[in-house]
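Grab a coffee and open the viewer. Here are some short exercises, each with a worked solution to follow on screen.

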Amino acid sequence: LLKNHINEAAAVVTAAKGGDTTKLKSAQATWTANADSIADFLASANPNWPRQTLADMLHQHLSLTTNEAVARLKKDWADDVKTYDAVHQQAMMMADALSSGIIKQFPDKFGGTPTPKK
């Protein structure tokens, strides 16, 4: 899934670079479908990661990353920097959400009390 994520990112950038809006829209749809598969996988791995929350975070990541790439390709440096900062902030938010889910799933590994299994 992650390998596909990177390959689809390359397809999005290639389509954006070529100015082909039809290919860009298609590449973005494929990239989004892969993000949904990642959300499905992660949600199945940890009950503290709601599937829709993961999908929303990943969709925002894709949107911001696309916007950053387009700004860079247009040599709109002000928007590129602004969008890079938004990508970074959103990535830190995703990291916090994912690590919080891991801590909740395995509290005894992080100095907490294990939750009894039902």
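**Exercise 1. Which residues are linked in a network of salt bridges, and how is that network put together?**

Solution. Asp36, Asp40 and Arg51 make up the network. A salt bridge here is a side-chain nitrogen of Lys or Arg within 4 Å of a carboxyl oxygen of Asp or Glu.

Before going on, a word on ground rules. This is a predicted model, where local features need pLDDT of at least 70, side-chain atom pairs count only at pLDDT 80 or more, and totals for chains, interfaces and linings use all residues. Residues are numbered from 1 along each chain as its sequence is written, and side-chain values use heavy atoms, with hydrogens and water left out.

- Step 1: take Asp36, whose side chain meets that of Arg51 at 3.9 Å, N to O. Asp36 sits in helix H2 and Arg51 in helix H3 (residues 51-73), so this pair ties together parts that are 15 residues apart in sequence. Helices (H or I, at least four residues) and strands (E, at least two) are DSSP runs, numbered from the N terminus.
- Step 2: add Asp40, which also bridges to Arg51, with the closest N and O atoms 2.6 Å apart. Asp40 is in helix H2 and Arg51 in helix H3, so here the parts tied together are eleven residues apart in sequence.
- Step 3: check accessibility. Arg51 is partly exposed at 30% relative accessibility, and Asp40 is partly exposed at 40%. The cut-offs: buried is under 20% relative accessible area, exposed is over 50%, and partly exposed is in between (1.4 Å probe, protein chains only).

**Exercise 2. Find the salt bridge that Arg72 forms, and say whether each partner is buried or partly exposed.**

Solution.

- Step 1: the partner of Arg72 is Asp80, and their closest N and O atoms are 2.9 Å apart.
- Step 2: Arg72 is partly exposed, at 44% relative accessible area, whereas Asp80 is buried, at 6%.
- Step 3: put this in context: the structure holds four salt bridges.

**Exercise 3. What is Glu68 in contact with, leaving aside its neighbours within four places in sequence?**

Solution.

- Step 1: locate Glu68 in helix H3. Glu68 counts as buried, since its relative accessibility is 13%.
- Step 2: list the contacts (heavy atoms within 4.5 Å). Glu68 touches Asp80, Thr83, Tyr84 and Val87.

**Exercise 4. Which members of the largest nonpolar core touch the most other members?**

Solution.

- Step 1: define the core as a set of buried Ala, Val, Leu, Ile, Met, Phe, Trp, Tyr and Cys residues joined through side-chain atoms within 4.5 Å.
- Step 2: of its 17 residues, pick out Val12, Leu24, Trp31, Ala39, Leu54 and Leu58.
- Step 3: see where the core comes from. Helices H1 (2-18), H2 and H3 each give two or more residues, and H2 gives the most, with six.
- Step 4: zoom in on Val12. Neighbours within four places aside, its contacts are Leu24, Ala27, Gln28, Trp31 and Thr66.

**Exercise 5. What does the whole chain look like?**

Solution.

- Step 1: count four helices and zero strands, in the pattern α-α-α-α along the sequence.
- Step 2: the radius of gyration is 17 Å, well over the 13 Å that the globule rule gives for 118 residues, so the chain is more spread out than a compact globule. That radius is taken over C-alpha atoms, and the rule is 2.2 Å times the number of residues to the power 0.38.
- Step 3: the C-alpha atoms fill a box of roughly 55 × 25 × 20 Å along the principal axes.
- Step 4: of the 118 residues, 27% count as buried.
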